[in-house]
Amino acid sequence: MAEKRYCPYCHEEMEYWLAPPETGWGYIYVCFNNKCKFYRNSSDNIKNKGEDQRHFAARYGEDPANNFHPINILAYNPFVKLENG
Ligand SMILES: [Zn+2]
């Protein structure tokens, strides 16, 4: 049963989202706000893993099956160049 959860970084309502099966997460809450500072700042942490990773960032999520433990959801980030340029 979905409940309303709000991102602690941008305070937008998070989506109740079925994660890809390989993640093993099942339904999780995810902040899909492209302006979220967690998402916007996360690419810095991933950048040093290589050229191909530069456009990926982590969205903020919470796992309801694990007491809403915070998790990072890797996602394409088209804003990286804007921020660095
Ligand atoms: Zn957010």
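This is a short guided tour of the structure above, stop by stop. Keep in mind that you're looking at a predicted model.

**Stop 1: the whole chain**

Start with everything shown as a cartoon. You'll find 2 helices and 4 strands in the protein chain, and if you trace them along the sequence, the order is β-β-α-β-β-α. The chain has 85 residues, and 19% of them count as buried. Now think about contacts between residues with a separation of 6 or more: 37% of those in the protein chain link residues 24 or more positions apart.

**Stop 2: the first three strands**

Select residues 15-18, which is strand E1. Add residues 27-30 for strand E2, and 56-63 for strand E3. How do E1 and E2 run relative to each other, parallel or antiparallel? They run antiparallel, and 4 bridges join them. On to the next pair: E2 and E3 are antiparallel too, with 2 bridges joining E2 to E3.

Click on Tyr-29 while you're here. Opposite this residue of E2 stands Tyr-16. Over in E3, Tyr-29 has Glu-62 as its bridge partner.

**Stop 3: the nonpolar core**

Which residues make up the largest nonpolar core? Select Cys-7, Met-14, Ile-28, Tyr-29, Val-30, Cys-31, Cys-36, Tyr-39, Ala-57, Tyr-60 and Ile-73, and you have the full set of 11. Two elements, strand E2 and strand E3, each give two or more residues to this core. E2 has the largest share, with 3 residues. Tyr-29, from the previous stop, is one of the core residues.

**Stop 4: Trp-17**

Next, pick Trp-17, which sits in strand E1. Is this tryptophan buried or partly exposed? Trp-17 has 16 other C-beta atoms within 10 Å, and being buried takes 20 or more, so Trp-17 counts as partly exposed.

Show its surroundings now. Setting aside residues up to four places away in sequence, Trp-17 touches Tyr-27, Ile-28 and Val-30. Ile-28 and Val-30 will look familiar, as they belong to the core from Stop 3. Try a distance as well: from the C-alpha of Trp-17 to the C-alpha of Tyr-29 is 5.9 Å, though the two are 12 residues apart in sequence.

**Stop 5: Trp-25**

Move along to another tryptophan, Trp-25, in the loop between E1 and E2. With 19 other C-beta atoms within 10 Å, Trp-25 is partly exposed, because the buried class begins at 20.

What does Trp-25 contact beyond its neighbours within four places in sequence? Look for Ala-19 and Asp-63. Then select Glu-62, the E3 partner of Tyr-29. Glu-62 and Trp-25 are 37 residues apart along the chain, and their C-alpha atoms are separated by 9.8 Å.

**Stop 6: two positive phi angles**

Finish with the backbone at two residues. His-11 lies in the segment before E1, and its phi is near 65°, a positive value in a residue other than glycine. His-11 is exposed, because it has 10 other C-beta atoms within 10 Å and 12 or fewer is the mark for that class.

Where is the second one, Phe-68? Look in the loop between E3 and strand E4, which spans 69-76. Phe-68 is also a residue other than glycine with a positive phi, near 55°. Phe-68 has 13 C-beta neighbours inside 10 Å, so it counts as partly exposed.

Note on methods
Residues numbered from 1 in each chain as written. Predicted model: local features only at pLDDT ≥ 70, side-chain atom pairs only at ≥ 80, totals over all residues. Core = buried A, V, L, I, M, F, W, Y, C linked by C-beta atoms within 7 Å. Contact = placed C-beta atoms within 7 Å. Pairing = 2+ DSSP bridges.
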